[in-house]
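Okay, thanks for coming, everyone. Let me put the structure up on the screen, and then I'll walk you through it.

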Amino acid sequence: MFTGALTGLQPQNVGAGIGLRLPHLAEVVDTRPGVPFFEVHPETFLANPHATELLLAIADRYPVSVHTVGVSIGSAAGVDRTHLARVKQIVDLVNPVLLSGHVAWSTHAGEYLNDLLPLPYNEESLRLLVRHITQVQDAFGRPYLLENPSSYVGFANSTMTEPEFLAALVSETGCRLLCDVSNVYLSAHNMNFDARAYIDALPADAVAELHLGGFEAEPDESTPGSTLLVDTHGTNVADGAWELYEYAIARFGSVPTLIERDNDIPDLAALITESLEARAHASRALAQDHARAV
Ligand SMILES: [Fe+2]
């Protein structure tokens, strides 16, 4: 059980940060926009010394959250220690306030797949993930936040719900959770469960960050006439996800939130506008919650 504390954000920095991608690095260094924190994918910087230099300048001025996309914590073959060591170089350079990754796998037999693939939720996968999360937290010397995936199919051999599985990971490893609210919304649509009941079932004390990203509806070829929501990170946050976000803030409190955009990346100004929108939704949810309590 890892017992290290979260560095966390200072109260003045809690709000909605922005996923910082390569096209905006230089602009952030030059213009110093008023954003509470930035989140980066460390894998983007591994072979890019110029980008790493810009990232260091940003980390000097802003809290940085590091969101790993290639750790493949659910891989049956184990976590790639060489990759971990390379990511750790970036982590050590920027000293992030939060460090996270996905409940997923993306490597097999030495092949790296450009996707975050799902795994069943049962005792066997729980044991595997507990072992790997422990390795990762020991390697980084920091708590690791696990993010709920976007789901399109279930497994016949799952014996736990996703919130039960995540809660078991928290209690056995001391990890924390990154709740991607948009993933909850779209998974609830695709898998036909109640999104609010999912939020209620998560261990609230362990939720240390929220994500919001765009998704798109596509025809579901397996069920004519119905749609699948696909996690593209290529559009604005949808109205339904904003409503669920307010519900999540009322349950989890003022948790740092990230606007994630990886495709069709707009101007930095548009992302800042969306982060301000997130802040407004969070303030409204907290005000309503306060009004209910008095
Ligand atoms: Fe996410």
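I'll go through the metal site, the spaces inside, the aromatic pairs and a few single residues. One thing up front: this is a predicted model.

Let's begin with the metal. Which residues coordinate the iron ion? There are Glu147 and Glu260, each through OE, then Asp180 through OD, and His211 through ND1. The distances run from 2.1 to 2.3 Å. If you like to read along in the sequence, the donor residues follow the spacing E-x32-D-x30-H-x48-E. Now take the first two letters of that pattern. Glutamate 147 sits in strand S7, residues 145-147, while aspartate 180 is in strand S8, residues 176-180, so this pair ties together parts that lie 33 residues apart in sequence. And are those two buried or exposed? Glutamate 147 and aspartate 180 are both buried.

What about the geometry of the site? The angles among the four donor atoms go from 86 to 169°, and the site is irregular. For background, ideal angles for four tetrahedral donors are 109.5 degrees. To count as tetrahedral here, all angles would have to lie between 85 and 135 degrees, and the range at the iron ion reaches 169°.

Okay, on to the empty spaces. The largest pocket holds about 850 Å³ of space. Its lining is made of 32 residues, and the ones nearest the centre are Val69, His102, Asn114, Asp115 and Leu116. Which element gives the largest share of that lining? That's strand S6, residues 111-117, with six residues. By class, the lining of the largest pocket splits into 14 polar, 11 nonpolar and seven charged residues.

Then there are the cavities. The structure has two of 30 Å³ or more, and the largest cavity holds about 50 Å³. It is lined by 13 residues, with Val69, Val71, Ser72, His102 and Leu116 closest to its centre. Strand S4 (98-102) and strand S5 (105-108) are the elements that each give two or more residues to this lining. How many charged residues does the lining of the largest cavity have? None: there are seven nonpolar and six polar residues. You may have caught some familiar names there, too: Val69, His102 and Leu116 are listed near the centre of the largest pocket, and they are also listed for the largest cavity.

Next up, rings. The structure has five aromatic pairs, and I'll show you two. One is tyrosine 121 with phenylalanine 165: a tilted pair, 4.7 Å from centre to centre, with 35° between the planes. Where do the partners sit? Tyrosine 121 is in the loop between S6 and helix H4 (123-140), and phenylalanine 165 is in helix H5 (residues 162-173), so we have a link between distant parts of the chain, 44 residues apart. Both are tucked away: tyrosine 121 is buried at 10% relative accessibility, and phenylalanine 165 is buried at 0%.

The other pair is phenylalanine 193 and tyrosine 198. Their ring centres are 5.6 Å apart and the planes meet at 20°, so this pair counts as stacked. Phenylalanine 193 is partly exposed, at 32% relative accessible area, whereas tyrosine 198 is buried, at 5%.

Now, a bit of backbone. Most residues other than glycine have a negative phi. Arginine 32 has a positive one, near 45°. You'll find arginine 32 in the loop between helix H1 (25-31) and strand S2 (38-40), and at 52% relative accessibility it counts as exposed. Serine 72 also has a positive phi, near 55°. Serine 72 lies in the loop between strand S3 (64-67) and helix H3 (81-94), but this residue is buried, at 7%. And yes, that's the Ser72 from the cavity lining.

Last stop: two distances between C-alpha atoms. Alanine 208, in strand S9 (residues 207-213), is buried at 11% relative accessibility. Alanine 208 and leucine 98 are 110 residues apart along the chain, yet their C-alpha atoms are separated by 8.3 Å. Valine 294 comes in the segment after helix H9 (268-293) and is exposed at 75%. From valine 294 to alanine 26 we have 268 residues in sequence and 47 Å in space.

That's my tour, so over to you for questions.

Definitions and conventions: Residues numbered from 1 in each chain as written. Predicted model: local features only at pLDDT ≥ 70, side-chain atom pairs only at ≥ 80, totals over all residues. Heavy atoms only, no water. Donors = N, O, S within 2.8 Å, 3.2 Å for Na, K, Ca; no water. Tetrahedral: all angles 85-135°; square planar, octahedral: opposite > 155°, others 65-115°. Helix = DSSP H or I, 4+ residues; strand = E, 2+ residues; numbered from the N terminus. Buried < 20%, exposed > 50% of the residue type's maximum accessible area, 1.4 Å probe, protein only. 1 Å grid on protein atoms, 1.4 Å probe; cavity = no way out; pocket = protein on both sides within 12 Å on 5 of 7 lines; lining within 4 Å. Points joined across faces, edges and corners; volume = space filled by probe spheres on them. Nonpolar A, V, L, I, M, F, W, Y, C, P; charged D, E, K, R; others polar. Phe/Tyr/Trp six-rings, centres within 6.5 Å; stacked < 30°, edge-to-face > 60°.
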